[in-house]
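Here are my notes on the model you sent round. Please read them with the coordinates open.

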Amino acid sequence: MSKRELLLSQLKRDRFLYLVALPGLLYFLVFRYIPMWGVLISFQDYSPYIGFWKSEWVGFEHFQRFFSNPEFLTLLRNTMAINILNLVFFFPLPILLSLMLNELRVGLYKKSIQTIIYLPHFLSWVIIVGISFLLLSQGEGLFNNLLVAAGFEKIDFLTNPDYFWGILTIQSIWKDAGWGTIIFLAAVAGVDPQLYEAARMDGAGRFRQMWHVTLPGIRSVIIVLLILRIGHIMDIGFEQVFLMMNGAVAKVADVFDTYVYRVGVQQGQFSYSTAVGLFKSIVGLTLVIVSNRLAKKFGEEGVY
């Protein structure tokens, strides 16, 4: 049988699986791969009136302008600081929650807890920020009312730059930490039960089984997700920061995503904002490649 006949035979045999995968493949093709041609305008003085093919090529002019911009270091500092806080405090929490949920033996109680911690993921950032305003506003915020009732002074949470990064981190944890347990719980379910039996025979309690069996069993999944998370270290997400930003915290709140919106959408500097986005993508790709090689060097599987 030739390679072509073998390929056709496999396609015919697995036609329903490919049909199920088709919407996902179309999504990545239409919204991820085809738009990649648009990054070429970062090397042009693009004008929508004369089109892509007639716009003047300017080389790395937009990148030089961006790197020499006094705002660049501020944007880099804010973006890196917020993402490092998320990496340190947010990333380990789904792992910890998964380990705790795995120790629950009452099925109904376990499913109820899972449902409760999954729910915030389905709330939009508009709702999350609205709840934050209701809780933290200086005038009628719940926390400040409790502080006044307890005899303390009100705290200016929303307009004090010292609290901004912490509030963003707490919001991210509350919204997505529970949802992040799905992958880790699936990985925990794949650990060989015989390993737990052997550990119990050796006298290991539940904590030692967790430490010496469960965590090593899901280590490869943790490494892969950590590498992917590092790849997004320049990408915070626009909605959360934009909705929480105000003039008082602008110096610590302005990140690459809000900057791209301001210069690209509001000011119409399409080529310049595309250059900023391309810079973010290149840094993310570089970090994925470097972290993946480090993982391979230490004996882990890595992403590829």
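The points below cover aromatic pairs, charges over rings, a surface patch and one residue in a helix.

1. Status of the model. This is a predicted model. Please keep that in mind for every distance and angle below.

2. Aromatic pairs in total. How many aromatic pairs does the structure hold? The count is 25. One of them joins F66 and F67. Their ring centres are 5.7 Å apart, and the planes meet at 40 degrees. That makes the pair tilted, because the angle is neither under 30 nor over 60 degrees.

3. Burial of that pair. Are F66 and F67 buried or exposed? The two get separate labels. F66 has 1% relative accessibility, so F66 counts as buried. F67 has 40%, so F67 counts as partly exposed.

4. The tyrosine pair. Y259 and Y272 also pair, edge-to-face. Here the centres lie 6.1 Å apart, with 75 degrees between the planes. The pair links distant parts of the chain. Y259 sits in helix α16 (residues 256–266) and Y272 in helix α17 (residues 270–297), 13 residues apart. Both tyrosines, Y259 and Y272, are buried.

5. The cluster. Which residues form one aromatic cluster around these pairs? The members are F66, F67, F72, F256, Y259, Y272 and F279. Both pairs described above therefore belong to one cluster.

6. Charges over rings. R65 places its charged end over the ring of Y272, 3.9 Å from the ring centre. Y272 is thus a cluster member and also has an arginine charge over its ring. A second case involves K175 and W125. The charged end of K175 sits over the W125 ring, 5.2 Å from its centre.

7. Surface patch. A nonpolar patch of about 1,200 Å² lies on the surface. Its residues are F16, L19, L22, L26, Y27, F28, L29, V30, F31, Y33, I34 and M36. Take V30 as a sample. V30 lies in helix α2 (residues 15–33). Its relative accessible area is 41%, so V30 is partly exposed.

8. F270. This phenylalanine, F270, is found in helix α17, the helix that also holds Y272. At 35% relative accessibility, F270 counts as partly exposed. What does F270 touch, leaving aside residues up to four places away in sequence? The contacts are I41, Y46, P48 and G264. The C-alpha atoms of F270 and S42 are separated by 7.9 Å, although the two positions lie 228 residues apart in numbering terms, counted along the chain.

Key:
Residues are numbered from 1 along each chain as its sequence is written. This is a predicted model: local features need pLDDT of at least 70, side-chain atom pairs count only at pLDDT 80 or more; totals for chains, interfaces and linings use all residues. Side-chain values use heavy atoms; hydrogens and water are left out. Rings of Phe, Tyr and Trp (its six-membered ring) pair if their centres lie within 6.5 Å; planes under 30 degrees apart count as stacked, over 60 as edge-to-face and the rest as tilted. Buried means under 20% relative accessible area, exposed over 50%, partly exposed in between (1.4 Å probe, protein chains only). Helices (H or I, at least four residues) and strands (E, at least two) are DSSP runs, numbered from the N terminus. A charge sits over a ring if NZ of Lys or CZ of Arg is within 6 Å of the ring centre and within 35 degrees of the ring normal. Patches are made of residues with over 30% relative accessible area and no salt bridge: like charges are joined within 9 Å, nonpolar side chains (Val, Leu, Ile, Met, Phe, Trp, Tyr) within 5 Å. Accessible areas come from the Shrake-Rupley method with a 1.4 Å probe; for residues, only the protein chains shown count as cover. A salt bridge is a side-chain nitrogen of Lys or Arg within 4 Å of a carboxyl oxygen of Asp or Glu. Contact means heavy atoms within 4.5 Å.
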